[in-house]
Amino acid sequence: MKKYLFLAVALIGLVSCEETLFQKEQDVPKIDFYEEVMTVEAAGAEEVIIPVQSTGIDEVYISTCDYFDRWEVDNESGDLTPKESWIEIVKVISNYDEQTRALAMYDSAIVVRIKANDKGVERSATISAQSFTKVDTMTITQLAE
């Protein structure tokens, strides 16, 4: 009987130690643009820096809604060839301090290049950034001349 009582007390001690270990802050993926909307002049910009706070930027996507500005149409065959986009990713900047967290928080940035808008119509693009399983988006609107 004493053997079982000792075993029960030991198990209770292990369970309480385990609970203490898991009470530490749990790291979860995070990504947030500092601004959700940005406006750029019609003249464009060689580099626009978009600040992001994340647990590391794994992927960046840009989507634009202007179908006719994305494709060259071959008048004979009707085939579509992609045009060079008016907005493109230049680089992702990862500046961070070493931290003790398993998933460090980075103050990063995405650098994009925006061509001049000579179309006479305001245009916009959505930038999506991903950190692990989390995704955040922001919209860049370029004014018309």
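Here is a short tour of one predicted protein chain, from its overall layout down to a few single residues.

The chain has 145 residues, with 2 helices and 10 strands along it. Because this is a predicted model, local features need a pLDDT of at least 70 and side-chain atom pairs count only at pLDDT 80 or more, while totals for chains, interfaces and linings use all residues. Residues are numbered from 1 along each chain as its sequence is written, and side-chain values use heavy atoms, with hydrogens and water left out.

**The big picture**

- Helices (DSSP runs of H or I, at least four residues) and strands (DSSP runs of E, at least two) are numbered from the N terminus.
- Walk along the sequence and you meet them in the pattern α-β-β-β-β-α-β-β-β-β-β-β.
- Of the 145 residues, 28% count as buried; buried means under 20% relative accessible area, exposed means over 50%, and partly exposed is in between (1.4 Å probe, protein chains only).
- The chain exposes about 10200 Å², and carbon and sulfur atoms supply 55% of that area; accessible areas come from the Shrake-Rupley method with a 1.4 Å probe, and for residues only the protein chains shown count as cover.
- Take the contacts (heavy atoms within 4.5 Å) between residues at least 6 apart in sequence: 67% of them join residues at least 24 apart.

**How far to trust it**

- The predictor's confidence in each residue is called pLDDT and runs from 0 to 100.
- The mean pLDDT of the chain is 80, and 72% of its residues reach 70 or more.
- Confidence is lowest in helix 1 (residues 2-21), with a mean of 54, and highest in strand 10, at 95.
- Over residues 16-20 the pLDDT is below 50, and this stretch has 0 contacts in the model beyond near neighbours in sequence.
- Residues 96-100 also have a pLDDT below 50, and that stretch has 4 contacts beyond near neighbours in sequence.
- Where pLDDT is low, don't read the predicted coordinates in detail.

**A four-stranded sheet**

- Look for an open sheet of 4 strands in the order 2-10-9-4, with mixed pairing; two strands pair if DSSP finds at least two bridges between them.
- Strand 2 (37-40) and strand 4 (59-64) stand at the edges with a single partner strand each, so one side of each has no neighbour in the sheet.
- On average, neighbouring strands of this sheet are turned by 25° against each other, direction ignored; the axes are lines fitted to C-alpha atoms (for helices over the stretch in contact), and angles run from 0 to 180 degrees between N-to-C directions.
- Strand 9 and strand 10 pair in the antiparallel sense over 9 bridges, and here Ala 125 stands opposite Ile 140 in strand 10.
- Strand 4 and strand 9 are also antiparallel, over 6 bridges, and Tyr 61 has Ser 128 in strand 9 as its bridge partner.

**The turn at Phe 132**

- Strand 9 and strand 10 form a hairpin with 2 residues between them.
- Phe 132 lies in that loop, between strand 9 (123-131) and strand 10 (134-142).
- Its phi is near 55°, a positive value in a residue other than glycine.
- Most residues other than glycine have a negative phi.
- Phe 132 has 39% relative accessibility, so it counts as partly exposed.

**Salt bridges**

- Side chains of opposite charge can pair when their charged atoms come close.
- The structure holds 4 salt bridges, where a salt bridge is a side-chain nitrogen of Lys or Arg within 4 Å of a carboxyl oxygen of Asp or Glu.
- Glu 46 and Arg 113 form one of them, with their closest N and O atoms 2.9 Å apart.
- Glu 46 lies in strand 3 (residues 45-54) and Arg 113 in strand 8 (residues 106-114), so the pair ties together parts that are 67 residues apart in sequence.
- Arg 113 also forms a salt bridge with Glu 88, with the closest N and O atoms 2.6 Å apart.
- This pair links Arg 113 in strand 8 to Glu 88 in strand 7 (residues 87-95), which are 25 residues apart.
- Put together, Glu 46, Glu 88 and Arg 113 are linked in a network of salt bridges.
- Within this network, Glu 46 is exposed at 56%, while Arg 113 at 27% and Glu 88 at 29% count as partly exposed.
- The side chains of Asp 32 and Lys 30 meet in another salt bridge (3.8 Å, N to O).
- Asp 32 at 34% and Lys 30 at 32% count as partly exposed.
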